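Here is a short report for a reader meeting this chain for the first time. It goes from overall form to single residues.

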Amino acid sequence: MSALAGTPDEIRVPGEIPGTVLHAEGAQIYECRPDTAHQLVWQAREPTATLMDGDKSVGRHYAALHWEAVDAGTLMWEHKDGSSVKAKIVAKAAGRNADDLPWLKFGVITQSGDGLFYGVSHVQRINTLGGVIRGACQQAGAFRSVPYSADYVFWRVE
């Protein structure tokens, strides 16, 4: 698993085995919203990405919906075989450079289907490229999409 070489300690998954590694090509969507100091800032809203196995599209990745609102901390992965996982961010590590999204570790909350994602307990986002927004936002409610790619590793308990 050359994709796993150099994984930071913060997002390691000890005692589990890596199952599938899928590449994602997509975008991180940002929304201009006030922060706690009431300043307008770009805040991550949701990813939208295609999951790839080699050159084949095999699924999609996006944010979970919760009571008609997007939950940026709870994400979904769906495979074309009907299996899916829903997971929450539990740890993060810096990307390779300032323009790359952080590497993340997710703990699986729910899963469905008996396909490729059956039995997955953790998901890692590694090898990110791009996805970080630059510049000020001027208008509350504005959206911007920033392209990114990453590898997602789906872990199972031995």
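The radius of gyration used here is taken over C-alpha atoms, and the globule rule is 2.2 Å times the number of residues to the power 0.38. The model is predicted. For 158 residues, that rule puts a compact globule near 15 Å; the chain has 16 Å, which agrees. Along the principal axes, the C-alpha atoms fill a box of roughly 50 × 35 × 30 Å.

**Overall build**

The chain has 8 strands and 0 helices. Its pattern along the sequence is β-β-β-β-β-β-β-β. Take contacts between residues at least 6 apart in sequence: 57% of them join residues at least 24 apart.

Of the 158 residues, 44% count as buried. The chain exposes about 8400 Å², and carbon and sulfur atoms supply 53% of that area. There are 15 positive and 18 negative charges, and their mean positions are 2 Å apart.

**The cores**

In soluble globular proteins, nonpolar side chains tend to be buried together. Here, the largest nonpolar core has 26 residues. Among those with the most contacts inside it are Leu 51, Trp 77, Phe 117 and Tyr 152. Val 123 and Phe 154 belong to that group too. The elements that give two or more residues to this core are β1 (16-34), β2 (40-53), β3 (56-66), β4 (69-79), β5 (84-93), β6 (103-112), β7 (120-130) and β8 (143-157). Strand β8 gives the most, with 5 residues.

What does Val 123 touch, not counting residues up to four places away in sequence? Its contacts are Trp 77, Val 85, Leu 104, Lys 105, Phe 106, Val 108, Tyr 152, Val 153 and Phe 154.

A second, separate core has 8 residues, including Ala 93, Trp 103, Val 153 and Trp 155.

**Four residues to look at**

The table gives the place and accessibility of four residues.

| Residue | Place | Relative accessible area |
|---|---|---|
| Val 13 | segment before β1 | 7% |
| His 38 | loop between β1 and β2 | 67% |
| Asp 71 | strand β4 | 25% |
| Asn 127 | strand β7 | 14% |

Start with Val 13. It lies in the segment before β1. Is Val 13 buried or exposed? Val 13 is buried, because its relative accessible area of 7% is under the 20% cut-off. Leaving out residues up to four places away in sequence, Val 13 touches Lys 105, His 122, Gln 124 and Trp 155. Val 13 and Ala 91 are 78 residues apart in sequence, yet their C-alpha atoms are 11 Å apart in space.

Asp 71 sits in strand β4. At 25%, Asp 71 falls between the cut-offs of 20% and 50%, so it is partly exposed. Beyond its neighbours within four places in sequence, Asp 71 is in contact with Ala 63, Ala 64, His 66 and Lys 88. Phe 154 is 83 residues from Asp 71 along the chain, and the two C-alpha atoms are separated by 21 Å.

**Two positive phi angles**

Most residues other than glycine have a negative phi. His 38 has a positive phi of about 65 degrees, although it is not a glycine. Asn 127, another residue other than glycine, has a positive phi near 55 degrees. Their settings can be set side by side. His 38 lies in the loop between β1 and β2, and it counts as exposed. Asn 127 lies in strand β7, and it counts as buried.

Technical notes:
Residues are numbered from 1 along each chain as its sequence is written. This is a predicted model: local features need pLDDT of at least 70, side-chain atom pairs count only at pLDDT 80 or more; totals for chains, interfaces and linings use all residues. Side-chain values use heavy atoms; hydrogens and water are left out. A nonpolar core is a set of buried Ala, Val, Leu, Ile, Met, Phe, Trp, Tyr and Cys residues joined through side-chain atoms within 4.5 Å. Buried means under 20% relative accessible area, exposed over 50%, partly exposed in between (1.4 Å probe, protein chains only). Helices (H or I, at least four residues) and strands (E, at least two) are DSSP runs, numbered from the N terminus. Contact means heavy atoms within 4.5 Å. Accessible areas come from the Shrake-Rupley method with a 1.4 Å probe; for residues, only the protein chains shown count as cover. Lys and Arg count as positive and Asp and Glu as negative; His and the chain ends are not counted. The place of a charge is taken as NZ of Lys, CZ of Arg, CG of Asp or CD of Glu.
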